[in-house]
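This report covers the metal sites, the ligand contacts and the enclosed cavities. Start with the structure below.

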Amino acid sequence: MSGDLASRFRALWDEIAPVGRDAGSGGYLRYALTEPERELRAWFRSQAQRRGLPVTEDGNGNLFAHWGEPEGSDAVLTGSHFDSVPHGGAYDGPLGIVSAFLAVDELRAAGVAPDRPLVLAAFVEEEGARFGVPCLGSRLLTGALAADRAAGLRDAAGVSFAEALGGPPAGARPDLLGRFGAFVELHVEQGRALVDADAPVGVASAIWPHGRWRFDVVGEGNHAGTTRMADRRDPMLTYAFTVLAANKEARLRGAHATVGRVSVEPNATNAIPSKVTGWLDARAADPETLSGLVDAVRGKLAERARRDGTEVTVTEESVTPLVAFDGGLAKRLATLLDAPVLPTGAGHDAGVLAAHLPTAMLFVRNPTGVSHSPAEAARDADCAAGVRALARALEELTCR
Ligand code: GLV
Ligand code: MN
Ligand code: MN
């Protein structure tokens, strides 16, 4: 191996940096199973091949590279996802996969021969940016989402997940899941806790419960110039009130509510809309606060719809329960790495897998604290510290 770890990180990182990057925003458009994400999946295969790690796929779109017997049990899993939110940052997801390959290199250079197989993973559709349900690949693998429901999820162009995958997903794979004894996902931090703690790497304690609710508001499309104000049934008003109400209700509870996506029909400047669809993303530290928040927003939405003469339908698209990561494992890794322990409001495949096997997450400091935006950042030196931490964690878990 040549150069220091930070330079080796940069060299590998630069191989994928241009893939799916939007020249205008500087952010990434790497939606699951679209061309840029497929290019990254091919890159995963080539990196695995370069290291002599056979690659398997689970019939759900998740990729696995095996160091050790692919059929072996008690394997330690590490990895993350390649897909992005619209105009997302570079690090959310790919950092965990690039770091996994570099951690293998570090272990090999140090002469470490794992007693348990080590498996590197690239999970499909973690963000839910294309098919609406986050952590789709890990939910399928674990059986948290039924294969037929996933198969029928459609993207904005009407393409189903099954079509994008090239066939119906396999669904739950207990045979495969049962071979894993632990999972460690390394991820860029999506806040400023590590900046405040002056630490390059942290260990996760928990993920807030969170979910997505779509609200369709139907009114009456009509002329903007000739329809008297009193005669309107304008769904935009119901939508706008709901956005403000969600913000207020979240603040009242110390929770988080976001409406970051909206669709308007017919979307014309001089027409009252006939329909507005919004997506509420709600998160809270505990499930009671989350359900209280969502109930309150539903109540405000229904009340306002009555006043506007609109009709509303609310559809729960996904809900992820509170995830408390394995406390013993988090403490063990925090001691090993001398790293702070912190909770997060962001969802991860680790949160889904935590219901099935001992799972931990490592976070790498993000100097901007910004994520799901092109402003997301991580320094090469901190990424190198992340690789070292991951390699130590994997050595701890794979060597008896
Ligand atoms: C995943 O990034 C999420 O939305 O929490
Ligand atoms: Mn994300
Ligand atoms: Mn992520």
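Which protein donors hold the manganese ion (ligand 2)? They are Asp 92 (OD), Glu 127 (OE), a second Glu 127 (OE) and His 372 (NE2). These atoms lie 2.0 to 2.7 Å from the ion. The model is predicted.

## The ligand 2 manganese site

Along the chain, the donor residues of the manganese ion (ligand 2) follow the spacing D-x34-E-x244-H. Distant parts of the chain are linked here by a pair of residues 280 apart, Asp 92 and His 372. Asp 92 sits in the loop between β3 and α3 (94-109). His 372 sits in the loop between β15 (359-364) and α13 (380-398).

How accessible are these two? Asp 92 has a relative accessibility of 5%, so it counts as buried. His 372 reaches 40%, so it counts as partly exposed. The limits are under 20% for buried and over 50% for exposed.

## The ligand 3 manganese site

The manganese ion (ligand 3) is coordinated by His 81 (NE2), Asp 92 (OD) and His 187 (NE2). Distances run from 2.0 to 2.2 Å. The spacing of these donors along the chain is H-x10-D-x94-H. His 81 belongs to strand β3 (residues 75-81) and His 187 to strand β5 (residues 180-188), so the pair ties together parts that are 106 residues apart in sequence.

Both histidines are buried: His 81 has a relative accessibility of 0%, and His 187 has a relative accessible area of 0%.

## The metal pair

How far apart are the manganese ion (ligand 2) and the manganese ion (ligand 3)? The separation is 3.6 Å. Asp 92 coordinates both ions.

## Ligand 1

Around ligand 1 are Glu 127, Arg 283, Ala 346, Gly 347 and His 372. Glu 127 and His 372 are also donors of the manganese ion (ligand 2).

Three contacts involve oxygen atoms of ligand 1. A polar side-chain atom of Glu 127 lies 3.0 Å from one. For Arg 283, a polar side-chain atom lies 2.7 Å from an oxygen atom. Gly 347 uses its backbone: an N or O atom there lies 2.6 Å from an oxygen atom of the ligand.

## The largest cavity

The structure holds 2 cavities of 30 Å³ or more. The largest has a volume of about 60 Å³. Its lining consists of Trp 213, Arg 214, Phe 215, Leu 280, Val 294, Val 297, Arg 298, Leu 301 and Val 314.

Which element gives the largest share of this lining? It is α10, with 4 residues. β7 (210-218) and α10 (287-308) each supply at least two residues. By class, the lining has 7 nonpolar and 2 charged residues, with no polar ones.

## The second largest cavity

The second largest cavity holds about 30 Å³ of space. It is lined by His 66, Glu 69, Pro 70, Gly 72, Ala 75, Pro 117, Val 119, Arg 179 and Phe 180.

What classes make up this lining? There are 5 nonpolar, 2 polar and 2 charged residues. Gly counts as polar in this scheme.

How values were computed:
Residues are numbered from 1 along each chain as its sequence is written. Chains are lettered from A and ligands numbered from 1 in the order in which they are written. This is a predicted model: local features need pLDDT of at least 70, side-chain atom pairs count only at pLDDT 80 or more; totals for chains, interfaces and linings use all residues. Side-chain values use heavy atoms; hydrogens and water are left out. On a 1 Å grid over the protein atoms alone, a cavity is a set of points where a 1.4 Å probe fits but cannot get out, and a pocket is an open set with protein on both sides within 12 Å along at least five of seven lines; lining residues have an atom within 4 Å of a point. Grid points are joined across faces, edges and corners, and a volume is the space filled by probe spheres set on the points. Donors are N, O and S atoms within 2.8 Å of the metal (3.2 Å for Na, K and Ca); water is not among the atoms, so sites may look incomplete. Buried means under 20% relative accessible area, exposed over 50%, partly exposed in between (1.4 Å probe, protein chains only). A residue is near a molecule or strand if one of its heavy atoms lies within 4 Å of it. A polar contact is a pair of N or O atoms within 3.5 Å; within protein, one must be able to donate a hydrogen and the other to accept it, and residues adjacent in sequence count only if both atoms are side-chain atoms.
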